[in-house]
Amino acid sequence: MVRKGVGADARGTKMNAAIGIDVSKARLDCALVELGRDKPRWEKQVARTPAGVAQLLAKTPAGVPWVMEPTGRYSQEVALLAAEHGQQVLLALTKPARQVLNGLSHASGRTDRTDGIGLGRYALFAHLRDYPLKSEVMDELDQAISARASLAAALSRLRAQQRDLPRAARRYDRAIAALESELEELDRELAGRVRSEPDLATARELDRVPGIGAVVALAVANRLEEKQFDHPDQFVAYCGWHLTFKDSGQKQGRRKLSKHGDGELRRLLYLAAMANLHCKESPFKDQYHRELAKPGMTTTGALCAVARNLARVCWSIHRHGTSYDPQRVNRQPGSGPPAAEKGGTAS
C-alpha cells in the first residue's frame, strides 16, 4: 500500500528521486522522476541488453535507485547486471504498483512509457525492498522447473490425442514413453539438488510438508523468494486460489475460484493436496475430510481448500524462516507472533 510522505528504500533511506523502469522482452522504458517536479527530469528507452543497461547506468545520477516490477527472467537479468556495477534496484510489488499505475493513467491509458514514469512516482511515496537477486543455482533450477512444466503439458496433450484417435494410438507410444522417461529423470535430478544444494534450505523445509515433494517445493520457494509477499493471502491470490463473488442487495453471487495468477503453481499445489489423501498421517488429510463433511461441499472444493492451506503454510515457513510443524497447520494467520520470534517453528 502506498504511504504518504517521502519514499524510502529497504534501509529506510529517504528518496528525492528514482528511476522507474518498465521491463519488456526487447527494451527498457525508463524515466527519472524527482520529488516536487510534475514532469520527469528525463525519459530514455534502451535495449534490454548488457549494452543498453550500460547506457542507463551511465545516465543514472549517483545515489538514485532503479525501480522495477518482478517480471521474471527479464527483470532478473537487468537487476543482476545492475548489481554487478553497484547500482541499487528496488522491488515494486506487482499488485500495489498496478493500482498506482492504473490511477495515474486513467485518463489517457497506459503504455510502457507511462508505466516507467508511474513506477518512479510510486517509489517516491512507498517503502520498497531491494530487488531479490537469484543465485545461479536458483536461476538454473527455475528454468528446469519451467522446462518440466512444458514437458508435462506436452505429455498431457499427447495422452489426450492418443485417447481421441484410437486407430492411431500406437503412433504416440514412443513419444509418450520418451517424455515419461525425461520427466522421471528430471524429477530425480531436482530431488537430488534439493537434498544437496546449500542455497535450497527453504525448499528442503517445504519438502517436509506432506504432499509437497521436491518439484513443488522448488517451484513454491522460488516464487516466494522472487515476489516477497507481505501476507499469506497475497500468495493465495497469486496462485489463483482465492474465491471471487458478486453480491448485490439480498442476492448472493456464486463463489468460485479466481484462477488468476500462476497457473502452473496452482496446478502443482492442487496435486500436492491430492497427494495428502495417500499420506498415513497428515493434518491436511484431516482437513480434507472436515471440508468434505460440510453441506454441499464437493471433492474438488475440499481439495481446493487444502491447497489454499498448503500455500499459507509454505508462505509462513519462507517468511519466518522456520520449520514445518503439523500442530500449527490450522492456526489462523495473525493469531499470535510467529514462532521465529520465539525461537520455535512455524506453520
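**Entry 1: Arg 48 and Glu 77**

I looked up Arg 48 and found a salt bridge to Glu 77, with the closest N and O atoms 2.7 Å apart. The model is a predicted one. Arg 48 sits in the loop between strand E3 (42–47) and helix H1 (50–59), while Glu 77 belongs to helix H2 (residues 73–84), so the pair ties together parts that are 29 residues apart in sequence. I then asked whether each partner is buried or exposed. Arg 48 has 14% relative accessibility and counts as buried, because buried means under 20%. Glu 77, at 30%, counts as partly exposed. The pair has company: Arg 48, Arg 73 and Glu 77 are linked in a network of salt bridges.

**Entry 2: other salt bridges**

How many salt bridges does the count come to? I noted 17. The general idea is that side chains of opposite charge can pair when their charged atoms come close.

I checked two others by residue. Arg 129 and Asp 230 meet through their side chains at 2.2 Å, N to O. Arg 129 lies in strand E6 (residues 129–130) and Asp 230 in the loop between helix H8 (213–227) and helix H9 (232–238), so this salt bridge ties together parts that are 101 residues apart in sequence. Arg 129 is partly exposed, with a relative accessible area of 27%. Asp 230 is also partly exposed, at 35%.

The other salt bridge I checked joins the side chains of Glu 205 and Arg 208, at 2.4 Å from N to O. Glu 205 is buried at 15%, whereas Arg 208 is partly exposed at 45%.

**Entry 3: strand E1**

Next I went to strand E1 (residues 17–23). Seven of its seven residues are buried, so the strand is largely enclosed by the rest of the structure. I listed the residues by face. Ala 17, Ile 19, Ile 21 and Val 23 are on one side, Ala 18, Gly 20 and Asp 22 are on the other, and all are buried.

Which strands are joined to E1 by bridges? Strand E2 (residues 27–34) runs antiparallel to E1, and seven bridges join the two. A hairpin of three residues connects E1 to E2. In this pairing Ile 19 stands opposite Leu 32. Strand E4 (residues 66–68) runs parallel to E1, with two bridges between them. Here Gly 20 stands opposite Val 67.

**Entry 4: Thr 60**

I looked up Thr 60 in the loop between H1 and E4. Thr 60 is buried, with a relative accessible area of 12%. What do its side-chain polar atoms meet? One polar atom of the Thr 60 side chain lies 2.7 Å from the backbone oxygen of Leu 56. The side chains of Thr 60 and Trp 66 are joined by a polar contact of 3.0 Å. Leaving aside neighbours within four places in sequence, Thr 60 is in contact with Ile 19, Trp 66 and Gln 87. Ile 19 is one of the buried residues of E1 from the entry above.

**Entry 5: the nonpolar cores**

In soluble globular proteins, nonpolar side chains tend to be buried together. I looked for such groups here. The largest nonpolar core has 49 residues, of which Ile 212, Val 220, Phe 235, Leu 269 and Leu 310 touch the most other members. Elements giving two or more residues to this core include helix H5 (136–164), helix H6 (173–196), H8, H9 and helix H12 (299–320). H12 gives the largest share, eleven residues.

I followed Phe 235 further. Not counting residues up to four places away in sequence, Phe 235 touches Val 220, Leu 224, Phe 229, Leu 265, Ala 311 and Trp 315.

A second, separate core holds 22 residues, among them Leu 32, Val 53, Ala 82 and Leu 93. I had already met Leu 32 opposite Ile 19.

**Entry 6: confidence**

Last, I checked the predictor's confidence. The mean pLDDT of the protein chain is 84, and 81% of its residues reach 70 or more. Where is confidence lowest, and where is it highest? The lowest is in strand E8 (residues 256–257), with a mean of 60, and the highest is in H1, at 96.

Two stretches got a note of their own. Over residues 1–7 pLDDT stays under 50, and the model has 20 contacts for them beyond four places in sequence. Over residues 333–347 pLDDT also stays under 50, with 32 such contacts in the model.

Note on methods: Residues are numbered from 1 along each chain as its sequence is written. This is a predicted model: local features need pLDDT of at least 70, side-chain atom pairs count only at pLDDT 80 or more; totals for chains, interfaces and linings use all residues. Side-chain values use heavy atoms; hydrogens and water are left out. A salt bridge is a side-chain nitrogen of Lys or Arg within 4 Å of a carboxyl oxygen of Asp or Glu. Helices (H or I, at least four residues) and strands (E, at least two) are DSSP runs, numbered from the N terminus. Buried means under 20% relative accessible area, exposed over 50%, partly exposed in between (1.4 Å probe, protein chains only). Two strands pair if DSSP finds at least two bridges between them. A polar contact is a pair of N or O atoms within 3.5 Å; within protein, one must be able to donate a hydrogen and the other to accept it, and residues adjacent in sequence count only if both atoms are side-chain atoms. Contact means heavy atoms within 4.5 Å. A nonpolar core is a set of buried Ala, Val, Leu, Ile, Met, Phe, Trp, Tyr and Cys residues joined through side-chain atoms within 4.5 Å. pLDDT is the predictor's confidence in each residue, from 0 to 100.
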